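Biologist: I'd like to learn how to read a structure like this one. Could we go through it feature by feature?

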Amino acid sequence: MQRCLTLTVARHSRLVLRNKFASVHCQQSAAMSGLLINQPKYSWLKELGLSEDNPGVYNGSWGGSGEVVTSYCPANNEPIARVTQATLAEYEETVQKTKEAWKMWADIPAPKRGEIVRQIGDALRKKIKVLGSLVSLEMGKIYVEGVGEVQEYVDVCDYAVGLSRMIGGPILPSERPGHALIEQWNPVGLVGIITAFNFPVAVYGWNNAIALTCGNVCLWKGAPTTPLTSVAVTKIVAEVLEQNNLPGAICSMTCGGADIGTAMAKDERVDLLSFTGSTHVGKAVAMMVQERFGRKLLELGGNNAIIVFEDADLNLVVPSAVFASVGTAGQRCTTTRRLMLHESVHDTVVDRITKAYKQVRIGDPWDPSTLYGPLHTKQAVEQYLAAIEKAKQQGGTLVCGGKVMDRPGNYVEPTIITGLAHDAPIVHTETFVPILYVLKFKTEEEAFAWNNEVQQGLSSSIFTKDMGRVFRWLGPKGSDCGIVNVNIPTSGAEIGGAFGGEKHTGGGRESGSDSWKQYMRRSTCTINYSKDLPLAQGIKFE
């Protein structure tokens, strides 16, 4: 009887086990079929080497055994695919391999490093549409902006190729006979790059192309909410390195969260840490890097203003203000958040911009006719609603927008608020959403002062025909921002100039001009080619 009971229980257990496994298999199959990557409409994702489950670590070989994260599409909040993040042990392994790869990369002449960067640019060109589509799908920006972001990486590669034959320091006059005084520039070594969700390709590109040309190796941690873009870009770069028989670890990647970011900030082997993100997190990163006397490049927040004077060309003002405030659904660090209008044109401009807002085509970001897509996350929607409520409490009047849209995804109405004081707390708060605060001013001095009174100092612009005012704006008592424009929006910077800002924006500079100097260390070298030993400043020591 006992044996019969045992056999019955055993059979029952096997049946339960089979049912359990069948249930798990069905759940997994359902989860896989529910991923966008498995739908015919999104089969193009596989052209980027993506699959349902993707390794989130690259250091010459692909891996990852940490937390599995699912990437969601902001336009419908449906899952796209999964990425397995790095563990701290895998981070450690990756740093070691990246440092080892530097020994080979630093020995390659700069023009030949530039040739590799040129090939990276060409590889991106071949994938520009499909990669731009991924940026649109995963981040939420409209398709043309997604493609434009990849184009920025391509443009910086082109720039870096030319730079590879131009990097150098001056030969300075020495006061001592028979002596040469020169500057020598060398790579810093390992450049850690932490990027944000809103530009998941371009910001890495700014750093990567210039850092490589300067002789550095790179370790990238993209935003946790755009991991597929990080994987896809790394696959493109890795293929170029492999085709040239170079260590893949020259451009390493570790997907992860705050644990990986903290490790990078505290790691003395990371010779320069480039961080793009919020001022709050950037401050914590800066303190960790400073604790070890490390080098940092910070690209943080912006509370950017357009100032419109009484003589402004309103046909330039209206499209500029709309593009700069509505573009990327208000999620650019250079988004216009404050619109300061001279009292004589205030009502006219508000009326025209309100009408323009109502004509903005809202829809799926990958639809070519769409001008305005969703916010990146549900949390951003909550921040949008909270900011509007605070603005009302502080005396603001809702002129346009102000609601969450009744459709799938994280869509909110682009919003205009008037009537707030220039120093209202909400006006001085950077909220990463499409809310435009319109302020009324009387004098130039007042407007310039309001522009500069916020904590951040990224981008700014005035609209005027007065050339005297233009040069006062550009001068020492004008804008205190890193980007100071005239008769154009605050957003849409070109790659040829140095990009970055002052104050709580962090002080870093990326992309063009002499930003390459941030990725190198400078040595002042004195060479005595005479048989004498004269001392500087005429000192005699005999």
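Modeller: Sure, and keep in mind that this is a predicted model. Start with one pair: tryptophan 220 has methionine 253, in S10, as its bridge partner.

Biologist: What holds strands of a sheet together in general?

Modeller: Strands pair through backbone hydrogen bonds, and they can do so parallel or antiparallel. Here, strand S9 (residues 217–221) and strand S10 (residues 251–254) run parallel, and three bridges join them.

Biologist: In what order do the strands of the open sheet come?

Modeller: Read it as S3-S2-S10-S9-S8-S11-S12, seven strands with mixed pairing. At the edges you find strand S3 (62–63) and strand S12 (295–299), each of which pairs on one side only. Helix H2 (residues 88–105) packs on this sheet and touches strand S2 (57–58), strand S8 (190–194), S9 and S10. The direction of H2 makes about 155° with that of S9.

Biologist: Now for charges. What can side chains of opposite charge do?

Modeller: They can pair when their charged atoms come close. This structure holds 22 salt bridges. Take aspartate 122 and arginine 118: their closest N and O atoms are 2.7 Å apart. Both sit in helix H3 (residues 110–126), four residues apart, which is about one turn of the helix.

Biologist: Are those two buried, exposed or partly exposed?

Modeller: Aspartate 122 has a relative accessible area of 28%, so it counts as partly exposed. Arginine 118 is also partly exposed, at 33%.

Biologist: Which parts does the salt bridge between arginine 472 and glutamate 444 tie together?

Modeller: Arginine 472 belongs to helix H14 (residues 467–474) and glutamate 444 to helix H13 (residues 444–452), so the pair links parts 28 residues apart in sequence. Their closest N and O atoms are 2.8 Å apart. Glutamate 444 is buried at 12% relative accessible area, whereas arginine 472 is partly exposed at 41%.

Biologist: And how far apart are the closest N and O atoms of arginine 509 and glutamate 502?

Modeller: In that salt bridge they are 2.4 Å apart. Arginine 509 counts as buried because its relative accessibility is 17%, under the 20% cut-off. Glutamate 502, at 32%, is partly exposed. Salt bridges can share partners too: Glu115, Arg118, Asp122, Arg125 and Asp158 are joined into one network that way.

Biologist: Last one: which residues make the nonpolar surface patch?

Modeller: Leu533, Leu535, Ile539 and Phe541 make it, and it covers about 490 Å². Isoleucine 539 lies in the segment after strand S24 (520–528) and is partly exposed, at 48% relative accessibility.

Terms used
Residues are numbered from 1 along each chain as its sequence is written. This is a predicted model: local features need pLDDT of at least 70, side-chain atom pairs count only at pLDDT 80 or more; totals for chains, interfaces and linings use all residues. Side-chain values use heavy atoms; hydrogens and water are left out. Patches are made of residues with over 30% relative accessible area and no salt bridge: like charges are joined within 9 Å, nonpolar side chains (Val, Leu, Ile, Met, Phe, Trp, Tyr) within 5 Å. Accessible areas come from the Shrake-Rupley method with a 1.4 Å probe; for residues, only the protein chains shown count as cover. A salt bridge is a side-chain nitrogen of Lys or Arg within 4 Å of a carboxyl oxygen of Asp or Glu. Helices (H or I, at least four residues) and strands (E, at least two) are DSSP runs, numbered from the N terminus. Buried means under 20% relative accessible area, exposed over 50%, partly exposed in between (1.4 Å probe, protein chains only). Two strands pair if DSSP finds at least two bridges between them. Contact means heavy atoms within 4.5 Å. Axes are lines fitted to C-alpha atoms, for helices over the stretch in contact, and angles run from 0 to 180 degrees between N-to-C directions.
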